[in-house]
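Let's take a walk through this protein together. Keep the sequence and the 3D view open beside you as you read.

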Amino acid sequence: MKGTAFVICGLLLTEAFAVSLLNQTPVNTHQRTPSYFRQITNVSPQAAKVGVDLCPTCIQFTGQAIDMLLNIILQSGVIGSCGALCSALAQKTGSQALGAVCNILCDVVGVEEFIKLIQKADLDPIYFCELLKTCPIKDDGDAKITSFTVSPQSGPQGTFNLDLEFDSKNGTGTGELILECETVDHLPVSGGFITEAQPAGQYSKQFNLKAEPDPNCDPSQGPCEQWLPGNYNVKIYICNGECGSKHPHSQIYDTAQTSFTITQ
């Protein structure tokens, strides 16, 4: 009975992780500054069935936990079970949810293989989840951007809407979509979003860029983006695997650029 309760609890936690992705919380596959980007998506009924889809959950989990898991492995030496490893993760992070998802993923292959894959992935969450076989691999995928626009093209500080359209002849693999904004004061502004494998077809995605100072930015921890008047270029990358990764099953499908002006 306890085992059944654990599995049910773990699946519910897994679903909560995936729902956060479908609500378009930026994925932390890179250590990025607080994201000013947000993806706007209407979730289809098929996409809402997240309880059985471990791929986005695995990537989100690994982006949050892989650093800590590597530290635990290095500091602990021999780890005899998934329970021991994942309990240590939950204790060090203060997150029972991370510990529960860790157990689910670790049980897929066993603790020895799980540790080997963590070390082999070398801080690449998408590659790790492909090695774990929770995310599909597609090396013959493609994507060609047909339109990337911003509106308004000029205006005061506030929200700018970005619209992306792209075609795929062969379908796409598990990867990510990266947005980067070149700011007037040269501070890095970027965001990343998981892109699950898709069949051939035409696709559109919408994003918001909140181009105004972040009230939660702490200047004692580093400079804060002020969104000064001037011209801003926004680049977008559609990638198989992690953008810029040297691991197998990784490539940049296509990239495009648009621009807007902040007037005041």
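The tour below goes from a sheet to the disulfides and then to the aromatic rings. Please bear in mind from the start that this is a predicted model.

A good place to begin is the sheet. Strands of a sheet pair through backbone hydrogen bonds, either parallel or antiparallel. Here you will find an open sheet of five strands, and its pairing is mixed. Reading across, the order is β3-β9-β8-β5-β6. The edges are taken by β3 (154-155) and β6 (189-195); each has a single partner strand, so one side of each is left without a neighbour in the sheet. Look at the β3 edge for a moment. Its pairing with strand β9 (residues 251-262) is in the parallel sense and runs over two bridges. If you want a spot to zoom in on, try G155, which stands opposite I262 in β9.

Next, let's turn to the cysteines. How many disulfides does the structure hold? There are six. If you number the bonded cysteines of the chain in sequence order, the pairing reads 1-8, 2-7, 3-6, 4-5, 9-10, 11-12.

One of these disulfides joins C86 to C102, with an S to S distance of 2.0 Å. C86 lies in helix α3 (residues 82-93) and C102 in helix α4 (residues 96-109), so the pair ties together parts that are 16 residues apart in sequence. The torsion about the S-S bond of C86 and C102 is about -70°, so this disulfide is left-handed. As for their surroundings, both C86 and C102 are buried.

Another link runs from C217 to C224, with 2.1 Å from S to S. The C217 and C224 link is also left-handed, with -95° about its S-S bond. Are these two cysteines buried or partly exposed? C217 has 26% relative accessibility and therefore counts as partly exposed, while C224, at 15%, counts as buried. The cut-off behind the second label is that buried means under 20% relative accessible area.

A disulfide also joins C239 to C243, with S to S at 1.9 Å. The link of C239 and C243 is right-handed, with 105° about the S-S bond. Both C239 and C243 are buried. While you are looking at cysteines, you can also find C181, which counts as buried because its relative accessibility is 5%.

Finally, let's visit the aromatic rings. A search of the whole structure finds seven aromatic pairs. In one of them, the rings of F166 and Y203 have their centres 5.4 Å apart and their planes at 20°, so the pair is stacked. This pair links distant parts of the chain: F166 is in strand β4 (residues 158-168) and Y203 in strand β7 (residues 201-211), 37 residues apart. F166 has a relative accessible area of 6%, so F166 is buried.

A further pair brings us back to an edge of the sheet, since β6 is one of the edge strands. The rings of F193 and F207 have their centres 5.6 Å apart and their planes at 45°, so this pair is tilted. F193 sits in strand β6 and F207 in strand β7, which puts the partners 14 residues apart and links distant parts of the chain. Both F193 and F207 are buried.

For a last stop, select Y36, F160, W227, Y232 and F260 in your viewer: ring pairs link these residues into a cluster.

Notes
Residues numbered from 1 in each chain as written. Predicted model: local features only at pLDDT ≥ 70, side-chain atom pairs only at ≥ 80, totals over all residues. Heavy atoms only, no water. Pairing = 2+ DSSP bridges. Helix = DSSP H or I, 4+ residues; strand = E, 2+ residues; numbered from the N terminus. Disulfide = S-S within 2.5 Å. Buried < 20%, exposed > 50% of the residue type's maximum accessible area, 1.4 Å probe, protein only. Phe/Tyr/Trp six-rings, centres within 6.5 Å; stacked < 30°, edge-to-face > 60°.
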